[in-house]
Amino acid sequence: MRGEADKLKHKAKNFLRTLGACGAGSATPSHAKRMDAQTKQNLLERRKARSLLKTVINVGHKFLVLLVRWLSRTIYGEHGKRMPPITNLILMESATSLATKIRTRKLTSVEVTQAFIDRCREVNPLLNCVVDERFEAALKDAERADKLIASGTMTVEQLEREKPFLGVPISTKDCIRVEGLLHTSGIWNRRNIRGDKDARAMELMRRAGAIPFALTNVSECCMWWESVNTIHGRSRNPYDANRIVGGSSGGEGCIQAAAASPFGLGSDIGGSIRMPAFFNGIFGHKPTKFVVSNEGQYPVALSEEQNSFLGIGPMCRYATDLKPMLRIIADENAPKLRLDEPVDLKQVKFFYQINDGGAHLVSPVDLDIRDAMEKVMAHFRATVKAEVKKVYLDKLRKSAPMWLANMKTPSKVGFDSQLANLEGAINPWLELAKWPLRMSNHTLIGILTALTERGGVKYGSAEYHHYVQQKQELVSEFRDMLGENGVFIYPTHPTVAPYHNEPLIRALNFSYTAIINVLGLPATAVPLGLGREGLPVGLQVVAGVNQDRLCLAVACELERAFGGWVAPEVKA
């Protein structure tokens with residue numbers, strides 16, 4: 001009887017199997033093998049289809065890039081206007097040198113400040129880098145600095161220690177608050193907002209004797225790598241006015257490259273210090289995460305993660321100005337950086353990677369940039385006698401999606417709300433319809449960002465957690481590689497400054513800088529002269545957490561070996 005029951009049970013199972021009602025675990029071994037083979041085949045076919053689609057998109061994108069470059073050259077011409085020559089040698093001095101000459105009474109603060117004011121007025125009609133100023137107030141501050149020095153109430157040594165930049169004019173971008181100046185961040189709804197007090201970093205620079213005198217242009221909401229907005233317009237590269245200055249600290253990079261400001265402050269959440277520094281051929285340093293206060297910077301970070309990406313840092317023409325500036329704005333965190341600890345470059349381990357490994361929709365690295373990097377590494381091998389190693393970090397291919405995913409927050413505040421200054425939200429579809437008619441108060445890229453930013457990876461999704469895990473793994477790889485005496489040399493950007501509007505079809509090129517923000521590491525953009533097109537080339541030097549002094553030491557060595565900032569023509 002039991003045998004009959006087992007037979008009936010077996011027949012029932014077989015019948016159910018034919019209907020697909022039984023689980024995979026009930027399948028016969030041969031049937032399971034056939035199913036596994038079919039699944040693998042389906043996965044393989046899907047991967048091939050995705051790979052083919054990516055290839056088609058990449059080929060199409062390359063064609064589009066070539067087409068837009070041809071159109072740009074046709075419209076703009078091969079070369080645009082350059083900045084006017086320098087006629088006052090004061091403009092050629094570093095901020096540190098100017099401070100020394102002012103406190104030792106070889107120059108007055110008034111004549112230094114006036115020289116840079118005159119230069120701003122000379123270059124701004126062409127470059128459009130200055131969007132607000134306090135020239136008269138700055139000259140009065142300069143008079144007070146000169147009177148303090150003349151009074152003798154403080155010795156030269158005291159002035160150097162307590163007010164190291166006394167009497168030196170300083171500029172900053174239009175998102176770092178300066179008392180009395182515009183504080184728009186390139187957002188139309190903020191066009192009439194002015195700073196009620198200095199941002200913390202500017203407060204510290206002012207306490208050190210620096211005199212704020214000019215405010216510089218940014219991209220809309222400081223979230224694009226060309227500095228253009230509907231309040232102040234577009235800034236132009238001092239080496240070729242047909243090219244971009246970068247963003248969002250683009251006006252700041254431009255004013256310094258044009259010798260219209262001795263030094264300044266920028267901010268960086270995805271490369272906003274380093275890209276403008278690279279495109280304009282100056283130095284720019286993104287500090288280790290959380291070292292410099294972001295108080296007074298707008299837009300504000302919406303999460304602790306975003307705050308770790310964002311950093312205010314120094315921008316200057318001479319590498320020697322980086323360390324004293326960083327010491328001042330790091331404030332109570334300065335001891336963590338051990339900035340006065342000597343760096344023996346022979347003991348530093350140099351790692352480098354020529355490109356990101358071929359990321360999707362990211363431009364290949366220019367030949368000029370690759371050549372410059374190889375020369376730098378040859379210098380450290382042959383001249384410095386340091387340990388140099390070429391590496392390949394595969395995860396760098398995913399830099400853009402990693403940054404985009406890790407920027408996501410649980411906040412309901414979208415880019416459409418940011419563009420409305422958090423007073424409601426814009427209707428991006430309506431603004432897109434108005435834009436061709438020149439009726440929108442927003443840039444095309446601002447509108448497109450508002451349309452697309454809610455898409456892609458969702459906060460908390462499986463894909464989000466995948467990229468968070470990828471970030472954590474890459475953090476570990478860098479920590480193991482760099483230790484406390486290693487630096488990583490990497491392109492700041494894959495191409496020299498493109499023509500205006502070209503970033504629209506090269507959007508993901510910012511990933512070379514953005515990935516360093518994800519990692520929270522310090523990085524210095526270092527200029528290495530001009531390339532074949534007469535435009536600045538350079539690289540970025542990355543170090544471990546709180547090892548900023550290594551970046552700065554390498555920057556000083558590269559300035560000595562390769563020349564650094566290329567000054568405009570001098571007719572003095």
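Which residue lies over the face of Trp565? Arg317 does, at 4.9 Å from the ring centre, and in the same manner of contact the charged end of Arg243 sits over the ring of Tyr499, 4.0 Å from its centre; a charge sits over a ring if NZ of Lys or CZ of Arg is within 6 Å of the ring centre and within 35 degrees of the ring normal.

This is a predicted model, in which local features need pLDDT of at least 70 and side-chain atom pairs count only at pLDDT 80 or more, while totals for chains, interfaces and linings use all residues. Residues are numbered from 1 along each chain as its sequence is written, and side-chain values use heavy atoms, with hydrogens and water left out.

Turning to contacts between rings, a search of the whole structure finds 13 aromatic pairs (rings of Phe, Tyr and Trp, the last by its six-membered ring, with centres within 6.5 Å; planes under 30 degrees apart count as stacked, over 60 as edge-to-face and the rest as tilted). One of them joins Trp224 and Trp225, a tilted pair with 5.9 Å centre to centre and 40 degrees between the planes. Both tryptophans, Trp224 and Trp225, are buried (under 20% relative accessible area, with a 1.4 Å probe and protein chains only), and together with Phe278 and Phe279 they form one aromatic cluster.

Another pair is that of Phe350 and Phe380, which is stacked because the ring centres are 4.1 Å apart and the planes are at 20 degrees. Phe350 lies in strand S9 (residues 349–352) and Phe380 in helix H13 (residues 367–382), so the pair ties together parts that are 30 residues apart in sequence; helices (H or I, at least four residues) and strands (E, at least two) are DSSP runs, numbered from the N terminus. Phe350 counts as buried at 1% relative accessibility, and Phe380 is buried with a relative accessible area of 0%.

How values were computed
Buried < 20%, exposed > 50% of the residue type's maximum accessible area, 1.4 Å probe, protein only.
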